[in-house]
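Here are a few notes to help you find your way around. Have the structure open while you read.

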Amino acid sequence: MASIDLNLLTVLDALLQEGSVSGAARRLHLTAPGVSRSLAKLREITGDPLLVRAGRNLVPTPLAESLRDRAHEVLADVHEVLSPAERPSDEEIERTLETTFTVRAGPDNAEGFGPALLRLVLERAPRVRLRLVEAGDGAVEALRDGRIDLNVGSPVPTGEETVYRDTLLTDRFVVVGRVDGALARRCGDRDPDPEDLAEVRHVSSSRQGLLRGPLDDRLAEHGLQRAVVASARGFAATFALARQVDLVCTAPERLTRAGL
């Protein structure tokens, strides 16, 4: 199939709409000689003069008359095909989106981040629903397989896979106990030292039910060992045990603002 110069179609449409070389040149922001050269090519292609002189004006030939509307419509179709598709705005997409997103988060992150996340979703995408599911292992695989859409928790190793990550906040672990408990009575107004922590009973927050954690390694550096008498899944349960049984635990500072 012979190649077609679509620029000639543009010139043909302008010539047939304007009825003159100068008018077509102004319409297309081209020079009159340039339009004249294109007209010569069009005459060669169609085998018709297209525009002939009648006195001081150019008039279309019968073939040109028959091509006027067709050329204009074809050019409009070409512009429609080659123009960028109209994309709805982000706001329109959010308002009409109907889907369910699965967010994996432990009980503490679900309580800490879940309400704000849900409020934002309901405000911007009211037809979207959230499934807050229990945290688990294999976050990268779950994200890759589409079993979850978002993982909220500690950083996960990515290996060779690409996972988009962002930091929601940074925090520090602090020692938590009753304001009138054993640790408070032992330390008074001063901060506890390793010996103090080794002399009181502890509860550990662990999803796996572990009775040992990073604090044990730090105490071992001082030749000390603490007594962990229980573990609980999530800090809400850990705080309840610490408060009611007079135990000590370590926890992210942001979770301790309500106090014991």
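1. To start with the hairpin: which residue in E2 does Ala54 stand opposite? The partner is Asn57. Keep in mind as you look that this is a predicted model.

2. Zooming out a little, that pair belongs to two strands, E1 (residues 51-54) and E2 (residues 57-60), which pair in the antiparallel sense over four bridges. Two residues sit between E1 and E2 in this hairpin. Have a look at Gly55 in the turn, where phi is positive, about 70 degrees.

3. Now for a pair of helices. H1 (residues 6-18) and H4 (residues 62-82) have axes that come within 9 Å and cross at roughly 130 degrees. That angle is why H1 counts as oblique to H4. The crossing of H1 past H4 is left-handed.

4. Who does the touching there? On the H1 side the contact residues are Leu6, Leu9, Thr10, Leu12, Asp13, Leu16 and Gln17. H4 brings Ala64, Leu67, Arg68, Ala71, His72, Val74, Leu75 and Val78. Sorted by character, the contact of H1 with H4 has 10 nonpolar residues, three polar and two charged.

5. Further along the chain, strands E7 (residues 201-205) and E8 (residues 227-232) run parallel and are joined by five bridges. If you want one pair to click on, Ser205 has Ala232 of E8 as its bridge partner.

6. How does the chain get from E7 to E8? Follow it through helix H10 (residues 214-220): this β-α-β crossover is right-handed.

Methods. Residues are numbered from 1 along each chain as its sequence is written. This is a predicted model: local features need pLDDT of at least 70, side-chain atom pairs count only at pLDDT 80 or more; totals for chains, interfaces and linings use all residues. Side-chain values use heavy atoms; hydrogens and water are left out. Axes are lines fitted to C-alpha atoms, for helices over the stretch in contact, and angles run from 0 to 180 degrees between N-to-C directions. Angles under 35 degrees count as roughly parallel, over 145 as roughly antiparallel, 65 to 115 as roughly perpendicular and the rest as oblique. A crossing is left-handed if the near helix is turned anticlockwise from the far one by less than a right angle, and right-handed if clockwise. Contact means heavy atoms within 4.5 Å. Ala, Val, Leu, Ile, Met, Phe, Trp, Tyr, Cys and Pro count as nonpolar, Asp, Glu, Lys and Arg as charged, and the others, Gly among them, as polar. Two strands pair if DSSP finds at least two bridges between them. A crossover is right-handed if, with the strands pointing away from the viewer, the path from the first strand over the helix to the second runs clockwise.
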